[in-house]
Amino acid sequence: MDILLWVMFLTLINTQGFKSAVSLSAAPEKVYTGAPVDSSNIIHSAFTTSSNTTLIQPPPVYPSFQTQKVGTGSSSAVFSPPARFNNQVLPSFANTTSTNVTVIRGKTAYLHCHVLNIGTKTVSWVRHEDIHVLTVGRLTFTNDGRFEAMNKPGSDVWSLRIKFPQLRDSGKYECQVSTRPSRARIITLNVVEPRAVIPPGPELYVDRGSPLNITCVVPDSPEPPENVFWYHRDKMVSFDGSRRGVTITTDKGLVTTSILVIPDVTAHDSGIYICAPQGMKEASVRVSVLNGEVPACCLGWP
């Protein structure tokens, strides 16, 4: 049977006029891994003939950069960046951002801006009155050293700190995010200077030997004063024991009240008394000690 096939093969060659048989040899398979390169240089599987002809198959398809191999199987997991750094989600302001801040003159003020999904954007603080850029990111762009940008690494809260605020610093400040168009939140700063009041004032009359009661009130203050001091003739009223029975009672709250009591006044107790809440406007009253006479203000003239 083998001899018969060989005879048929030689007969076919003589019939077609071939001088030599074409020999085919399979080239070893070459597989490339890693990042894809030019397809003309990738040989996935080729066969070489006697005429040096190279047959190239299409290059292999590699997974997208957003996927990665899991174990040794063919499954893959899609990498999803955290929402905070997802640039497809636009930055927004949290509801915790206060748009109205009131502080006492001279006491450090903090304007807070809570920005969500900030990604690679930056936060700037701009003063509305003169369109002055105060801060960009964590950098300060003003010669006024009272202003400073504040942000802890990893925090979504960007703050503007103002040391020793004055009444002139009151106004609107803009927290601006560098989107296109830019997004902004306006925060209003109110710098106030609460004032003490001594009713009925400005003068009090008291008979010698009678008790003296002076009441000082601090209304309309965003927070109570830390201390309330009393002065008489430019000296602080103290409890060093030199004057028995003198008391000062202070009640702090939305309305702070301080009461100075002297149980039995003498001529030396006359003069000007000053109520001085710490960091606030003081109030004064003049006390006149009478020796049984009627003050001129109370005389009934015809």
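Select R146 to begin: in this predicted model, R146 is buried, with a relative accessible area of 14%. Keep R146 displayed and add D144, with which R146 forms a salt bridge whose closest N and O atoms are 3.0 Å apart. D144 differs in its setting from a buried residue, because its relative accessible area of 26% places it in the partly exposed class. Now add D169, whose side chain also meets that of R146 in a salt bridge, at 2.7 Å from N to O. D169 lies in the loop between β12 (157–162) and β13 (171–177), while R146 lies in the loop between β10 (139–140) and β11 (147–150), so this pair ties together parts that are 23 residues apart in sequence. Is D169 buried or exposed? At 4% relative accessibility, D169 counts as buried. With D144, R146 and D169 all on screen, you have one network, joined by salt bridges that share partners.

The structure holds 6 salt bridges, and another of them can be found by selecting R127 and D130, whose side chains meet at 2.9 Å, N to O. The two residues can be compared by colouring them by accessibility: R127 is buried, with a relative accessible area of 17%, whereas D130, at 42%, counts as partly exposed.

From here, stay with the hairpins around this pair and select strand β8 (residues 123–127) together with β9, which run antiparallel and are joined by 4 bridges. To follow the register, place S124 in view and look across to β9, where V136 stands opposite. The hairpin of β8 and β9 has 4 residues between the strands, and I131 takes a positive phi near 50° there. Moving on along the chain, select β10, which pairs with β9 in the antiparallel sense over 2 bridges; here the bridge partner of T135 is T140 in β10. Which residue should be picked in the turn of this second hairpin, where 2 residues lie between β9 and β10? Pick G137, which has a positive phi of about 65°.

Next, switch to a surface representation and select V133, V136, L139 and F141, which form a nonpolar patch on the surface with about 330 Å² of accessible area together. Of these residues, V133 belongs to strand β9 (residues 132–136), and its relative accessibility of 36% is the reason that V133 counts as partly exposed. V136, another member of the patch, is the residue already seen opposite S124.

Return to a cartoon view and select the cysteines, since the next stop concerns the disulfides. The structure holds 2 disulfides, and, when the bonded cysteines of the chain are numbered in sequence order, the pairing is 1-2, 3-4. Take C113 and C175, which are joined with an S to S distance of 2.0 Å. The torsion about their S-S bond is about -85°, so this disulfide is left-handed. The pair links distant parts of the chain, with C113 in strand β7 (residues 109–116) and C175 in strand β13, 62 residues apart. Both C113 and C175 are buried, and a clipping plane may help in bringing them into view.

Then select C216 and C275, whose sulfur atoms are 2.0 Å apart in the other stop of this part of the tour. Here the torsion about the S-S bond is about -80°, so the disulfide of C216 and C275 is left-handed. C216 lies in strand β16 and C275 in strand β21 (residues 271–277), so the pair ties together parts that are 59 residues apart in sequence. C216 counts as buried at 1% relative accessibility, and C275 is buried as well, with a relative accessible area of 0%.

Keep C216 as a landmark and extend the selection to the whole of β16, which belongs to an open sheet of 3 strands in the order β16-β20-β19, with antiparallel pairing. Which strands form the edges of this sheet? They are β16 (212–218) and β19 (247–251), each of which pairs on one side only. Looking across the sheet, you will find that the twist averages 15° from one strand to the next.

For a last selection, show β16 beside strand β20 (residues 256–262): the two pair in the antiparallel sense over 7 bridges. One position at which to check this register is V218, whose bridge partner in β20 is T256.

How values were computed
Residues are numbered from 1 along each chain as its sequence is written. This is a predicted model: local features need pLDDT of at least 70, side-chain atom pairs count only at pLDDT 80 or more; totals for chains, interfaces and linings use all residues. Side-chain values use heavy atoms; hydrogens and water are left out. Two strands pair if DSSP finds at least two bridges between them. Axes are lines fitted to C-alpha atoms, for helices over the stretch in contact, and angles run from 0 to 180 degrees between N-to-C directions. A salt bridge is a side-chain nitrogen of Lys or Arg within 4 Å of a carboxyl oxygen of Asp or Glu. Buried means under 20% relative accessible area, exposed over 50%, partly exposed in between (1.4 Å probe, protein chains only). A disulfide is a pair of cysteine sulfur atoms within 2.5 Å. Patches are made of residues with over 30% relative accessible area and no salt bridge: like charges are joined within 9 Å, nonpolar side chains (Val, Leu, Ile, Met, Phe, Trp, Tyr) within 5 Å. Accessible areas come from the Shrake-Rupley method with a 1.4 Å probe; for residues, only the protein chains shown count as cover.
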